[in-house]
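Thank you all for making time this morning. I would like to walk you through one structure, going from the contact between two protein chains to the DNA and ending with a small piece of strand pairing.

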There are 2 protein chains.
Amino acid sequence: MLVNAAVARSTQSFPPAVGRGLPAGDMAPLDRLGTLVDVARDATLFYEGDLADHLYRVVSGAIRLCKVLPDGRRQLAAFFLPGDLVGLDLGSSHSFAAEAITDSVVLKLPRQRVETLVGENPRLGRALLSLAVERLVAAQSQMVLLGRKNATERLASFLLGLIERTGQAASDRPTLTLTMTRADIADYLGLTIETVSRTFARLKQLNAIALPHPQRVVVRDRELLEELAEEAD
Amino acid sequence: MLVNAAVARSTQSFPPAVGRGLPAGDMAPLDRLGTLVDVARDATLFYEGDLADHLYRVVSGAIRLCKVLPDGRRQLAAFFLPGDLVGLDLGSSHSFAAEAITDSVVLKLPRQRVETLVGENPRLGRALLSLAVERLVAAQSQMVLLGRKNATERLASFLLGLIERTGQAASDRPTLTLTMTRADIADYLGLTIETVSRTFARLKQLNAIALPHPQRVVVRDRELLEELAEEAD
DNA sequence: CGGAGTATTGAAACCTATCAACAATTGTGG
DNA sequence: CCACAATTGTTGATAGGTTTCAATACTCCG
């Protein structure tokens, strides 16, 4: 499951998507420590209930944060892409599990080292606070989606969010590669896989998107997608 | 709307419910600055889109954090009780509005002062980070509720959460006073007022609660309520 | 090429929303 | 303190979107 990867330390820079809000380079000190770890598809970074004694930075691949209810219902709270930090709830017990959606590489940072670093480097502390707040705002916006939006609005919002996060925002006809399955999307949007599938069909029929392949989405009409998403912003 | 209150500074200590997780007294420095402000029922602390240039601490009353979609659908992201901090997303634009549920008093802290204080006092920064993470975890747990739970499970979870937050946890037969209306509860749980009302009736019929008054809930069977809530924890 | 996993599509059931009427509570003024 | 009006909450009947159950198609890979 968790296998040490070829230790390619060096001063490599990770893709964006981290402190998309404010401080960018302030997170850099974190990359100086920690070990690179390979995580196979569907392997677990940490389980719900585990002590949160490590912080992870996604180097490549994709991670899902999820919880399973006693009767098997599942809800995803977030998708993490390269550059993202996983496991901010340091010190407590994880209330969600983290699993690899595809074969991934993560940088694993011991909690203690992180805290030492934060103690020495106030800017890093500030950057982490900004990041946590940013995540909180995103979570609240997902609460609006889950609480009040219908299936079409949910999927449209999801696709628009992916466009933002993957840096396709500038493109006039953004193309997305969905690393996650319909089940993951469904559990993230609070729907079933069947409804997700039907809703993809609806978006296709409305000419908002094309679906040359189940995993490949071509946005044909971004404005329409935005109307369908009913974003308040 | 926003009226300056009698300036009762002093070293009064606010009710708990703040850093319920880890650092408690580390938040204290915040109370040294800022002005007390009266907020009338249904008045607005800040609107969605406003620049977040103040942090608020609830002294008395209750605050709701909410967003309204273009067509009028509303979703609440949080209820804030005495001791809670409102407006953590300092520096950006508020993505949610904050409104008083009842006549309330809040301590209003200018952003700049807060940031200065954080710069001088690393423990405060750490406390704010813990708080933000705690909020994030709560938001994620609310995502499970909104995405996967039915009406009964939602209301049961909501009542149990209130018991925790209001310090009734120890009581064998906790009694809650609901300061918010059915509409607020509905918009927090992603339901309609009718469904909330019917679900209260169901909980009453199951003898999980008694409802001597629409605003007063007596928990008659906490274990049953916990079973009904289907909490994964 | 064939089998496992994944995605799509159809029909029926179910839970919640909607529309509507009524009851209870609160607040106000006489 | 009562009466009325306005607000808030409850309850009923129906409609509707999503889920569930089921069958079929597609994709990936050995």
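Let me begin where chain B meets chain A: across that interface the rule finds four salt bridges, a salt bridge being a side-chain nitrogen of Lys or Arg within 4 Å of a carboxyl oxygen of Asp or Glu. One of the salt bridges joins the side chains of B:Asp187 and A:Arg148, at 2.8 Å from N to O. On the side of chain B that touches chain A, helix 2 of chain B gives the largest share, with 17 residues, where helices (H or I, at least four residues) and strands (E, at least two) are DSSP runs numbered from the N terminus.

Before going further, I should say that this is a predicted model, in which local features need pLDDT of at least 70 and side-chain atom pairs count only at pLDDT 80 or more, while totals for chains, interfaces and linings use all residues. Residues are numbered from 1 along each chain as its sequence is written, chains are lettered from A and ligands numbered from 1 in the order in which they are written, and side-chain values use heavy atoms, with hydrogens and water left out.

Coming back to the two chains, 45 residues of chain B are in contact with 45 residues of chain A, contact meaning heavy atoms within 4.5 Å.

Now to the DNA: 18 residues surround DNA strand D, and the closest are A:Ala151, A:Thr195, A:Arg198, B:Arg182 and B:Ser197, a residue being near a strand if one of its heavy atoms lies within 4 Å of it. Of the atoms of DNA strand D that come within 4 Å of the protein, sugar and phosphate account for 64%. A backbone N or O atom of A:Ala151 lies 2.7 Å from a phosphate oxygen of DNA strand D, and a polar side-chain atom of B:Arg182 lies 2.8 Å from a phosphate oxygen of that strand. A base is reached as well, since a side-chain N or O atom of A:Glu194 is 3.1 Å from a base nitrogen of DNA strand D. Which helix gives the most to the surface near DNA strand D? Helix 5 of chain B does, with four residues.

Finally, strand 11 (residues 209-213) and strand 12 (residues 216-219) of chain B pair in the antiparallel sense over three bridges, where two strands pair if DSSP finds at least two bridges between them. Two residues lie between these strands of chain B in the hairpin that they form.

Note on methods
Polar contact = N/O pair within 3.5 Å; in protein donor to acceptor, adjacent residues only side chain to side chain.
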